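Trainee: I should like a close look at a single part of this model, with its surroundings described in the order that makes them easiest to follow. Please give the cut-off behind each term as you introduce it.

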Amino acid sequence: MSGKDESIFSANALITTKPGKQIIKQGLFKSKGYKQFDQYKKETEKEFPNFVKRFTDDLFNEIKSDASPFTTQQKFAEEIGTTKITLGESQVDAIKTKLVNYDVLHDRVLRILNSNFVKMTFPVFYALYDAASEYYKDEDRKLREQIVDGHIIAIDLSEPMDRIVDRDEDLEYLDDYKLMNPYILKIARAKISKGGDDVLKEFEKGFKDARVGQNIDFELKTKPTEISEEVMSQCYKKYRAVMGTAGRNMALGRKPLGEIFYQGMAKAAESTGCGNEIEDSIKNKFIKIPSWPLYYSLQTNDVKEGFNMTLKKSDLYLRDARLALESLPENFSHRDFLEFLFLTVEHYNMFWYNQLQKENLWSEFSTKLPRR
């Protein structure tokens, strides 16, 4: 498996969950899904340093050549609808001077790429693109790097934006991230646009929806007791928009695969979001705000039941993701890959739920629970 913390997918970790044991079994018998997943994992490991260099080079050139970086910050703030994650005019020049040192910028790029979301997604996009190209009998494969890079970079943009809003890591680098954000978006758009107008339009729609979800997420941080099922569904728009849109664009928007990829990736991302909320709650020693564990804990007035219901919610999302696979064409080349992928998502969620039981943080969670 690939990820920020690969111990989650170690043999010792896999044996602790039912889906993990199925993963081990598929590895032992070299199932088709396992072999395909391993192929793309190895390709990602080989290609990742080249991707980092391309990304850093493009970002360096954009920052260095911008004669009016504060104007760039203003335009970005207008687009995303807030100045909370941009720099003030008096800050821009000093931060730009720092980041036009290539080694410094390279360090910041590596930091924001050190993310489960990014590292676990790379092999998935490679596989989806290849599957669609095979199904539609594409002869020109030159777009692969541009489309995959573009969407990985777009996903990576969520990392610095979330860190700025959450202020839970990299505090000394948040101003650097604020300067970088507009250029990251510009690079992503330029690469994705190579797929044509329809592919770019789909990305723009998804990016807009992701901002809606992120804004709701931010608002709930200041008024957590106003959380509701409807609001959480809107908040999770960020997962659907980012991963669903990317899935659709790996098929260059073509039906039926574009729609199937959208549903599968969107629902798998929402399922993973539940697991991530459990993981973050363990690491922070308080229930993440906002999150499904918070919603269900407030509903039941029982934090243990809140997390139990969150695991069930993750299963519902994953059931919908698996349902999408039933629409795949007969003899689809990467069906086994996707089934194996969803096993890894199920293990990830179950692993952190099991860790939570061991940590026994119920009393601490209850004490820190927001009160109506």
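Mentor: Contact means heavy atoms within 4.5 Å. The model is predicted, so local features need pLDDT of at least 70 and side-chain atom pairs count only at pLDDT 80 or more, whereas totals for chains, interfaces and linings use all residues. Residues are numbered from 1 along each chain as its sequence is written, and side-chain values use heavy atoms, with hydrogens and water left out.

I begin with glutamine 73, which is found in helix α4, residues 69–80; helices (H or I, at least four residues) are DSSP runs numbered from the N terminus. Not counting residues up to four places away in sequence, glutamine 73 touches Thr86, Leu87, Val92, Lys178, Leu179 and Pro182. With a relative accessible area of 1%, glutamine 73 is buried (buried is under 20%, exposed over 50%, partly exposed in between, with a 1.4 Å probe and protein chains only).

One of those partners, Pro182, leads to helix α9, which runs over residues 174–192. A kink of about 40° lies at methionine 180 in α9, shortly before proline 182; the bend at a residue is the angle between axes fitted to the seven residues ending there and the seven starting there. Even so, the 19 residues of α9 reach 26 Å from the first C-alpha to the last, close to the 27 Å expected at 1.5 Å a residue. The expected span is 1.5 Å times one less than the number of residues. Of the 19 residues in α9, 15 are buried, and the helix is mostly covered.

The part I would examine most closely is helix α8, residues 143–166. For its 24 residues a span of 34 Å should result at 1.5 Å a residue, and the end C-alpha atoms are 35 Å apart, which agrees. α8 is mostly covered, with 19 of its 24 residues buried. After the helix comes arginine 167, whose phi is positive, near 50°.

Within α8, consider isoleucine 155. Its relative accessible area of 1% is the reason why isoleucine 155 counts as buried. Beyond residues up to four places away in sequence, isoleucine 155 touches Phe117, Val118, Thr121, Phe125, Val242 and Met243. Leucine 59 offers a longer reference distance: isoleucine 155 and leucine 59 are 96 residues apart in sequence, and their C-alpha atoms are 15 Å apart in space.

α8 also packs against helix α3 (residues 32–65), at an angle of about 75° and with the axes 12 Å apart. Because of that angle, α3 is roughly perpendicular to α8. From α3, the contact draws on Tyr40, Glu43, Phe51, Arg54 and Phe55; from α8, it draws on Arg144, Glu145, Asp149, Ile152, Ile153 and Asp156. Axes here are lines fitted to C-alpha atoms, for helices over the stretch in contact, and angles run from 0 to 180 degrees between N-to-C directions. Under 35 degrees counts as roughly parallel, over 145 as roughly antiparallel, 65 to 115 as roughly perpendicular and the rest as oblique.

A second packing involves helix α7, residues 116–135. α7 and helix α13 (residues 257–284) pack at an angle of about 165°, with their axes 12 Å apart. The two helices are therefore roughly antiparallel. Asn116, Val124, Leu128, Ala131, Ala132 and Tyr135 of α7 meet Leu257, Phe261, Met265 and Glu279 of α13. Also in α7 is lysine 119, which is partly exposed because its relative accessibility is 24%. Lysine 119 and threonine 16 are 103 residues apart in sequence and 23 Å apart in space, C-alpha to C-alpha.

Next, the loops on either side of α13. Proline 256 has its place in the loop between α12 (237–250) and α13, and a cis peptide bond with omega of about 5° joins lysine 255 to it. Proline 290 sits in the loop between α13 and α14 (292–300); isoleucine 289 and proline 290 are joined by a cis peptide bond with omega of about -10°.

Finally, two loop residues deserve a check of their backbone. Lysine 30, in the loop between α2 (18–28) and α3, has a positive phi near 50° although it is a residue other than glycine. Lysine 30 is partly exposed, at a relative accessible area of 48%. Asparagine 301 lies in the loop between α14 and α15 (303–325), and its phi is positive at about 55°, again without being a glycine. At 62% relative accessible area, asparagine 301 is exposed.
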